[in-house]
Amino acid sequence: EGDYFRYILAVTFANKATQEMKERILHYLNDFANNRPNNLTKEIQQELRLDAQQLQRQSQLVLSNILHHYSQFAISTIDAFFQRVIRSFT
């Protein structure tokens, strides 16, 4: 549990966007994990059907797992993704 991020691939068009996306995700998770409300808190709670305490616990777990397995936190450009796919067939 808490390692579902390994099964998600986020793809962007620019290298700068990949880093920005990672930073945003970690920022939001850090807010949730430390029980600091932000503009996504209510929406995430409703979508996941979690109360504030459950959201905090889940966010702490996911944040910890991402930080411990950062190389598996897959956000890449579309070019890098396709290069990886093509290399897997050679």
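How do the residues of the lining of the largest pocket divide into nonpolar, polar and charged, and what is the number in each class? In this predicted model, the lining comprises 18 nonpolar, three polar and two charged residues. The pocket itself holds about 650 Å³ of space. Among its 23 lining residues, Ile-8, Ile-25, Leu-29, Val-62 and Ile-66 are the closest to the centre. Helices α1, α2 (41-48) and α3 (52-68) each contribute at least two residues to the lining, and α3 provides the largest share, with five.

The protein as a whole contains four helices and two strands, arranged along the sequence in the pattern β-α-α-α-β-α. Its C-alpha atoms occupy a box of roughly 50 × 25 × 20 Å along the principal axes. Of the 90 residues, 26% count as buried. Where contacts between residues at least 6 apart in sequence are considered, 69% join residues that are at least 24 apart.

Two salt bridges are present in the structure. One of them pairs Glu-20 with Arg-24, with the closest N and O atoms 2.7 Å apart. Both residues belong to helix α1 and are separated by four positions, about one turn of the helix. Glu-20 is partly exposed, with a relative accessible area of 35%, whereas Arg-24 is exposed, at 52%. A salt bridge also links the side chains of Asp-31 and Arg-36, with an N to O distance of 3.2 Å. Here Asp-31 has a relative accessible area of 9% and is therefore classed as buried, the cut-off for that class being under 20%. Its partner, Arg-36, counts as partly exposed, with a relative accessibility of 39%.

Lys-22 presents a further case of a charged residue in helix α1, which spans residues 15-33. The Lys-22 residue is buried but takes part in no salt bridge. The nearest side chain of opposite charge belongs to Glu-23 and lies 10.0 Å away; this separation does not meet the criterion for a salt bridge, because the nitrogen and the carboxyl oxygen must be within 4 Å. When residues up to four places away in sequence are set aside, Lys-22 touches Tyr-70, Phe-73 and Ile-75. Lys-22 and Asp-31 are thus both buried, but Asp-31 meets Arg-36 in a salt bridge, while Lys-22 has none.

Definitions and conventions: Residues are numbered from 1 along each chain as its sequence is written. This is a predicted model: local features need pLDDT of at least 70, side-chain atom pairs count only at pLDDT 80 or more; totals for chains, interfaces and linings use all residues. Side-chain values use heavy atoms; hydrogens and water are left out. Buried means under 20% relative accessible area, exposed over 50%, partly exposed in between (1.4 Å probe, protein chains only). Lys and Arg count as positive and Asp and Glu as negative; His and the chain ends are not counted. Contact means heavy atoms within 4.5 Å. On a 1 Å grid over the protein atoms alone, a cavity is a set of points where a 1.4 Å probe fits but cannot get out, and a pocket is an open set with protein on both sides within 12 Å along at least five of seven lines; lining residues have an atom within 4 Å of a point. Grid points are joined across faces, edges and corners, and a volume is the space filled by probe spheres set on the points. Ala, Val, Leu, Ile, Met, Phe, Trp, Tyr, Cys and Pro count as nonpolar, Asp, Glu, Lys and Arg as charged, and the others, Gly among them, as polar.
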